[in-house]
Amino acid sequence: MAKKPFTLSKSRYIRGLQCHKSLWLYTHDRDLQEVSKSATASFQQGDEVGAIARNIFPKGKFIAFDNMSFEEQISETQKALKKEKVIYEAAFSYGGVFVKADILRKVGGSWELYEVKACNSRKDVHLDDIAIQHYVITGSGVPISKAFLTHLNKEYTRDGELDVQALFTSEDVTDEIKAKQEAIKAEIGRQQKMLAGKEPIIDIGPHCTNPYNCDFAGHCWKNVPDNSIFDLTGNGVKKWPLYKDGILKMEDIPLGKLKGLQLQQVKTYLGKKTVVDPTGLKTFLKELWYPLYYLDFETFLAAVPPYDGLKPYQQIPFQYSLHSQKRAGGKLTHKEFLANPNCDPREELLDSLLDEIPSNACVLVYFQPFELGRLKELAQQFPKKAKQINAIISNVRDLLVPFKGRALYSWKQQGSHSIKNVLPAFVKNMSYEGLEIGDGGEAIEAYQKMCAVADDPKALGKIRQDLLEYCGQDTLAMVRLLEVVEAKSKLK
Ligand code: SF4
């Protein structure tokens, strides 16, 4: 007897569109999957945004999925279709695919389909997502008059109560997703046939990161060594054509194919060297003065703005670290701020910062678009303090400049100019390894945990300590790196 074909879901179908091997592994060898914390967070954010979007068309019937089989959900949906005007999470199955529709709205004798995405703009993959829903729903005999992609409106600024109608924008994508219908049946057939066979032989390629970072990369990329062609940074030679030519290690790249920063990166790696340009370093140092303040912000962001004056996904600073010196080689002073959980941290943070930084100070940051961006936003959100903030803004200088311009570059950085890579390359016994919080993403997670354990002083204290240690490390790292820049600038 022939085997029953695999039932696909919407998300499995989309996974298969990206890579058949990914779908096969997800179905048959899920232990190899490595779901990143950021992917988990974005799923949660998607659920939250989806729930809020239901208020665009309120009082609809919600088809639950917890403790309900596919058949039960489909049966509930069939009942709702007869009497409801709006249905959330309606369930359908057709042609071997099961889908849930975020919102269905009855208009006349047919239905409008709304797919909600927790992002600020549309992506091509969203159309495939809606197209497969349209295929399954219409195949089930339910007419769809229009299909919409509903996403966050990046122009929306919160002012008081959340205005759900203004927070979202819906784009009519009916024609685009109809144009995709013909190809869907054949693709479903290909995916089902593939799933019934052995693991497909598919090599790594640009599809591993497009449209999503594949969660089986740990398995498929395990033979790619450190210092491979994929560590090449900057513009120049394209990596996938090199890979197709059988070149994987950096040492195997013909130098004639490289120029500029890529050539410098490979030569430096091959010779295990450090590049020092004292003139470039001196030029950078001339831009600085004392008193010198080293500043770093930590921020979180939310799809749905939690406070007034914020847009979707706008960064919200909750912490800063500030080291300072009155003169070159002078005593190092450290100040810091970390907001209390579950409150709008911006104004208190801003007041504290303005108290600490004198208007004549040079303010050193690492990657100035980030700190400047936050300062400019604070100036907009708190216009009465804009003059003082703008004085700081005009005094900001970027320690990234000599590293990005490769006036100082070590092969150990592996082409990266992130402070996490630059620091251990030049400063002994100082790195982010061993810290409880190791990067900005983990700092966001820690702040969110702080909000969740606000009533537990012991847990709260531990997270506070970890966050202070991490952010303090960022500015102390800048102090030490500037010392390196100064020392190297004196080399003949
Ligand atoms: S890592 Fe790449 S090749 Fe492997 S399953 Fe994912 S997309 Fe396919």
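Guide: Two residues are in contact when their C-beta atoms, placed from the backbone, lie within 7 Å. The model is predicted, so local features need pLDDT of at least 70 and side-chain atom pairs pLDDT 80 or more, while totals for chains, interfaces and linings use all residues. Numbering runs from 1 along each chain as its sequence is written.

Visitor: What arc do the buried residues of helix 1 cover around the axis?

Guide: Helix 1 (a DSSP run of H or I, at least four residues; strands are E, at least two; both numbered from the N terminus) spans residues 10-18. Its buried residues (20 or more other C-beta atoms within 10 Å of their own) are Tyr-13, Arg-15 and Gly-16. They lie on the same side of helix 1 because their arc, taken from the directions from the helix axis to the C-beta atoms, is only 160°.

Visitor: Which elements cover the buried residues of helix 1?

Guide: The buried residues in question are Tyr-13, Arg-15 and Gly-16. Their cover includes strand 1 (8-9), strand 4 (97-107), helix 5 (124-139), helix 8 (181-195) and helix 2.

Visitor: Which helix gives the most to the shell around the ligand?

Guide: The shell (C-beta atom within 6 Å of the ligand) includes Cys-19, Lys-21, Ser-22, Leu-25 and His-207. Two elements give two or more residues: helix 9 (217-220) and helix 2 (20-28). With three residues, the largest contribution is that of helix 2.

Visitor: Which helix gives the most to the largest nonpolar core?

Guide: This core (buried Ala, Val, Leu, Ile, Met, Phe, Trp, Tyr and Cys joined through C-beta atoms within 7 Å) has 53 residues. Tyr-293, one of the members touching the most others, is in contact with residues including Leu-322, Ile-357 and Val-363. Nine core residues come from residues 457-489, helix 19.

Key
Buried ≥ 20, exposed ≤ 12 C-beta atoms within 10 Å, placed from the backbone. Lists of a residue's contacts leave out its neighbours within four places in sequence.
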